[in-house]
Every structure is written in structure tokens, then in C-alpha cells.
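Trainee: I would like to learn how to read the surroundings of a ligand and the ring pairs in a protein. Where do we begin?

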Amino acid sequence: MNSKIFLSPPHMSGKELDYIKEVFESNYIAPVGEFIERFEQSICDFTKAKYTCAVVNGTSAIHLALRILGIKNGDKVLASTFTFIGSITPILFQNAEPVFIDSDESWNIDPGLVEEAAKKEKPKALIVTHLYGQMAKIEDLLFLSRKYGFYLIEDAAEALGATYKKKHAGTFGDFGIYSFNGNKIITTSSGGMLVSSNGEWIRQARFLSTQAKENYPWYEHETFGYNYRMSNVLAAIGVAQMEVLEERVKRKREIFDIYKRELGDIADFMPEIENSRGNRWLTTLIFKDKNPLKVSETLKKHNIESRPLWKPMHTQPVFRNAKAYINGASEALFKKGLCLPSGTALKDEQIIEICRIIRKG
Ligand SMILES: Cc1ncc(COP(=O)(O)O)c(C=O)c1O
């Protein structure tokens with residue numbers, strides 16, 4: 001193929017430049033302004049989250065959640081091992097200790113192992129990733145968080161638009177977070193959102209994300225904060241992107257269906273738990289016989305990007321000393337799996353052509 005096919009490139013709605021122009025005309029080219037509020041409101045309207053705080057990225061949103069929940073030096077935080085490192089580094093920012101939990105047949109975190117770890121480790125919190133936009137077993141996790149008294153943070157960085165029993169990913173736990181990084185289902189180039197049904201916590205998030213300035217005529221600080229607030233320029237992109245989010249979810253799901261139809265005999269695809277609707281951010285599969293690295297090489301020769309599944313955190317050198325509750329599931333997935341191009345601007349014919357190349361590879 002001539003022009004490169006990326007894994008999940010930005011897909012603009014067409015309104016972004018109009019809204020950015022409005023920002024420039026108002027001269028609110030800063031981390032304050034009307035579009036930040038509009039973007040936050042659009043997330044509330046779509047997900048039914050009660051309160052939101054727009055920030056610079058998903059990682060900073062998780063960091064704020066941990067800080068506000070009082071996670072500190074020596075506290076243990078359970079987290080999905082089968083995830084991206086941005087889900088985990090905020091635990092280190094707070095000098096707390098990550099304890100990694102393996103996946104089950106859903107590919108997402110295994111509630112049985114969470115319970116085992118909760119009994120032994122007495123964690124303060126759990127960060128659950130809704131992997132590749134597919135819902136984790138959120139009802140079981142909520143139950144465990146209440147039973148064992150730990151906070152629940154939903155890393156829905158990849159899962160905006162996913163639902164369980166029609167309730168949105170990110171709105172079940174104490175906090176939820178979304179990412180608007182360039183590869184996500186909608187993007188603001190980089191950006192993130194913290195959501196909660198606790199208004200006081202979100203008030204604190206706004207305060208901490210703008211350097212913890214007290215209400216004085218001069219800069220007065222009783223504690224320290226961060227420079228984490230989203231820019232009004234990027235929020236304008238976000239408002240335009242939210243207008244097409246539902247369309248994007250539909251297209252991601254169609255793309256998944258085409259891959260499954262074309263490759264269902266040679267691969268198994270990431271499942272969707274009962275009563276849920278994933279956003280199918282990336283179509284991911286595990287090959288029955290093929291070597292995913294070889295397939296990826298073949299695709300690369302045709303100028304097509306693909307990528308192995310996340311390498312589990314407990315196998316990363318940086319976490320060699322971390323505690324982990326492991327059953328082998330995520331390591332097996334990593335060995336056999338691949339993420340396929342899932343950009344919403346892809347044409348059906350292009351996907352079919354990609355499948356043809358995969359069969360050969
Ligand atoms: C599961 C997961 N968590 C956290 C992040 C971090 O988000 P960001 O890149 O916006 O900081 C990402 C994506 O980048 C992610 O995929």
C-alpha cells in the first residue's frame with residue numbers, strides 16, 4: 001500500500017479548526033477558558049459522569065486521583081499487569097508500591113486474583129485498566145473494593161464510550177480517567193480527563209492541577225500542586241471530537257467485525273464480557289498458529305503498522321522487584337497476540353487487503 005496505514009491515527013471531525021479559531025479570537029490561549037468547561041460538560045453529558053476536570057494527559061489524571069485519595073509512601077496499590085506503563089507510573093510518583101495482578105479469560109484483570117491479593121496485601125487502592133476499550137469485570141471489582149475497603153480507580157484511557165449494563169466505563173469507581181492522546185478513539189493531541197461523582201474531590205483536582213494556589217491576591221501555597229490543567233486550545237479540539245464520538249465507536253466496532261469475519265478461522269479475538277459494549281479501540285487477536293512478530297514484519301513491508309499486545313508490567317525490567325499475582329494469562333497473550341490497524345477512516349477494502357496480507361504472513 002502506498003501511504004502508511006497507522007494503528008490508530010487521529011480522525012478529525014472537521015469542526016476542530018473552527019473552534020480553535022474561536023479560541024484565538026477570544027485570545028484565551030491558556031489553561032483557562034470557555035472551551036475547557038464546554039469539553040468537561042460534553043464528557044458529563046456523554047458518560048453521565050457527575051464531575052470532571054480536564055488535564056494535560058491520562059497519566060496526570062491518575063496521579064491526581066492517587067494524590068487526592070491520600071495514597072502515599074509505602075501504601076500498596078493493586079493494578080492490572082496487562083496494561084500500558086502510564087497506568088502504573090503515578091503509583092511511583094506517590095512513592096507507593098504497585099502490586100501487579102494478572103488477567104483472566106476476558107484478558108482484563110482477574111477478580112479472583114484481586115481478592116487473593118486484597119486479603120494478603122491490604123491495598124489502599126486498585127487501578128483497573130479497561131483494556132483496548134473492553135470492559136473489565138467491573139461489578140465484581142466494585143464488590144471487592146467495598147468488601148476489602150480499597151478505593152477503585154478506573155483507567156478508561158482506552159475505553160471512552162465503552163459501557164457495562166449501559167453505564168459508562170469510568171463512572172463506576174471512586175475515580176475514572178480518560179486519555180485523549182493522539183492514538184485514542186478521540187484525541188486532543190494530548191490530553192486527559194478525571195471524572196468522579198464526588199464534587200469535593202474534583203474541586204481538589206482543579207486546585208492541585210493549577211499549582212495549588214490559595215485564594216489570596218498574591219501566590220500563597222499551603223501545599224504543592226502540579227501544572228496539569230488542559231489548555232483551552234486543546235479543549236476546543238476535544239469539543240469538536242466529542243461531536244463524533246458515538247460515530248467513532250460504531251466504526252471501531254464495524255472494523256472489528258470485518259477482521260473477525262475475515263480472520264476468525266486463524267485467530268481468536270479479544271472477548272467482550274456479557275452485558276457490555278466495548279468501544280473496540282483497537283482490534284486485537286491471538287493467532288492459533290502464526291508468529292505475530294513475523295506477521296507484523298510482513299505488514300511493515302506493506303507500509304502497515306501493527307504492534308504486539310502490551311508486555312505485562314511484571315515482566316518489565318523496571319518492575320523486576322515488584323510483587324505480582326500471576327497465573328500466566330497475560331504472558332501467553334503477549335506471546336501470541338497482535339494489535340491491528342483500527343483507524344476509523346479506514347475503508348472496508350483496506351481492511352480486507354490487510355487481512356489478505358496477514359494470511360500470507
Ligand atoms: C491503559 C492506559 N493507561 C494510561 C494511559 C496514559 O494516558 P496518556 O498517554 O494520556 O498519559 C494510556 C495511554 O496512553 C493507556 O493506554
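Trainee: Which residues are the closest to the ligand, and how many surround it?

Mentor: A residue is near a molecule if one of its heavy atoms lies within 4 Å of it. Here 15 residues surround the ligand, and the closest are Gly58, Thr59, Asp155, Glu158 and Ser179. This is a predicted model: local features need pLDDT of at least 70, side-chain atom pairs count only at pLDDT 80 or more, and totals for chains, interfaces and linings use all residues. Residues are numbered from 1 along each chain as its sequence is written, and side-chain values use heavy atoms, with hydrogens and water left out.

Trainee: Which atom of the ligand lies 2.7 Å from a polar side-chain atom of Ser179?

Mentor: A polar contact with a ligand is a pair of N or O atoms within 3.5 Å. For Ser179, the partner is an oxygen atom of the ligand. The side chain of Asp155 has an N or O atom 2.6 Å from a ligand nitrogen atom.

Trainee: How many aromatic pairs are there?

Mentor: Rings of Phe, Tyr and Trp (its six-membered ring) pair if their centres lie within 6.5 Å; planes under 30 degrees apart count as stacked, over 60 as edge-to-face and the rest as tilted. The count is 13 aromatic pairs. Tyr164 and Phe172 make a tilted pair, 6.3 Å centre to centre with 55 degrees between the planes. Phe256 and Phe269 have ring centres 5.6 Å apart and planes at 85 degrees, so their pair is edge-to-face.

How values were computed: A polar contact is a pair of N or O atoms within 3.5 Å; within protein, one must be able to donate a hydrogen and the other to accept it, and residues adjacent in sequence count only if both atoms are side-chain atoms.
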